[in-house]
Amino acid sequence: MSSEQSLYEKYQLKQVINASGRMTILGVSTPREEVAAVVNTGLNHFFEMKDLVNKTGAYIAKLLNVENAVVVSCASAGIAQSVAAVIVKDDAWLRENLHAAPLEVPHDIVLPKGHNVNFGAPVATMVTMGGGKVVEAGYANECSAAQLAACITPRTAAILYIKSHHSVQKSILSVEEAAEVARANNLPLIVDAAAEEDLTCYYEMGADLVIYSGAKAIEGPTSGLVLGKKQYVEWVKLQSGGIGRAMKVGKEGILGLTQAIESYITLPKTTGQEMVDKMTPFIASLNEINGVTGRVVWDSAGRDIARTEITFDEAVLGWKTKAIVDAMKNGDIAIYFRGYRANEGKIEVDVRSVTPPQLAIVAERFKQLFSGEKA
């Protein structure tokens, strides 16, 4: 019995086919072997943690040609600690008494209304943890630079921009436009780019702090990366003596993410076209099923990611799409999809974390489901 099989049996865990992408609810990603090796080394050695934080941060900053960087426990922690950093700065009393701060301390965090999303937890919750108060600019389907600027007052501490497929995409100002508003008002711009693949573009567009998930595109261990202007990142580091203590990252996470970043920027990446090639036989299998249509779609946030969109003719199949999604999760093998548009009769398959044999299993499972066979 392999160690993988024994783990599933020991804890009575269901095996999973992750066709939803690098999602937190499924453990995000599977790091490369060299990353796992560095994590193991980190686990088995001791370090002066402040030195480790500073030296790995400097190493990452040099790799990415940015002023400064720090590894944190996850992207959500990166939001909370970045918000706290721009409110507290280097005020030692305020760092220890963040949520009792006098009202005159600027703590409003302005973001487009269409960016105040729930990514698995609300953005506003992370802002509140960091001592901030969300101020929404514009409307759910519209936010211009002028509308963003109109919300800025002496109580504003920063502008926050959420670069994500969860956010409203249409009629929302760009990162560059948000940076111009921030500069004009002498405010920092924080960009949450958790799942984004370009590790430098938002910094180059003028963001002062940019936050990434270490376990999504970078395929590191559970961790986060905050990079940006030197002073702002130093203020984020100071939060290890504030709210950051409750969300600290271990030595293995720091070292693992540092290696993952180095691998990520030096090794070839899977292209969208390669994803299309991988899913083509799968789409052909889907289109053999009466009432099911598969086709290639591209990432709505503009990343080079191709996915399979599956449309169900609910009248022909006699199934509601939500029931289909639930049934696929509840089989002997739990199969997860991107179900954001299930109300429209559509789901998506992200093939980055799925092998061709697993895709064949998924197609066969659909055929069994609609023929009434047991999984």
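Me: What is a salt bridge here, and which residue forms one with E344?
Reply: A salt bridge is a side-chain nitrogen of Lys or Arg within 4 Å of a carboxyl oxygen of Asp or Glu. In this predicted model, the closest N and O atoms of the E344 pair are 2.9 Å apart. That is a salt bridge because the cut-off is 4 Å, and the partner of E344 is R341.

Me: Is R341 buried, partly exposed or exposed?
Reply: Buried means under 20% relative accessible area and exposed means over 50%. R341 has a relative accessible area of 31%. E344 has 44% and is partly exposed. R341 is likewise partly exposed.

Me: How far apart in sequence are the parts that the R307 and D350 pair ties together?
Reply: The side chains of R307 and D350 meet in a salt bridge at 3.2 Å, N to O. R307 lies in strand 10 (residues 306–312) and D350 in strand 12 (residues 346–350), so the parts tied together are apart in sequence by 43 residues.

Me: What is the relative accessible area of D350?
Reply: R307 counts as buried at 3% relative accessibility. D350 is buried too. The value for D350 is 0%.

Me: Which residues are linked with R307 and D350 in a network of salt bridges?
Reply: R307 and D350 form a salt bridge with each other. The network also links further residues. These are E197, D299 and R352.

Me: Which residue pairs with E314 in a salt bridge, and is that residue buried or exposed?
Reply: E314 is partly exposed at 25% relative accessibility. The closest N and O atoms of E314 and K320 are 3.7 Å apart. K320 has a relative accessible area of 58%, so with exposed set at over 50%, the partner is K320, exposed.

Conventions
Residues are numbered from 1 along each chain as its sequence is written. This is a predicted model: local features need pLDDT of at least 70, side-chain atom pairs count only at pLDDT 80 or more; totals for chains, interfaces and linings use all residues. Side-chain values use heavy atoms; hydrogens and water are left out. Helices (H or I, at least four residues) and strands (E, at least two) are DSSP runs, numbered from the N terminus. Buried means under 20% relative accessible area, exposed over 50%, partly exposed in between (1.4 Å probe, protein chains only).
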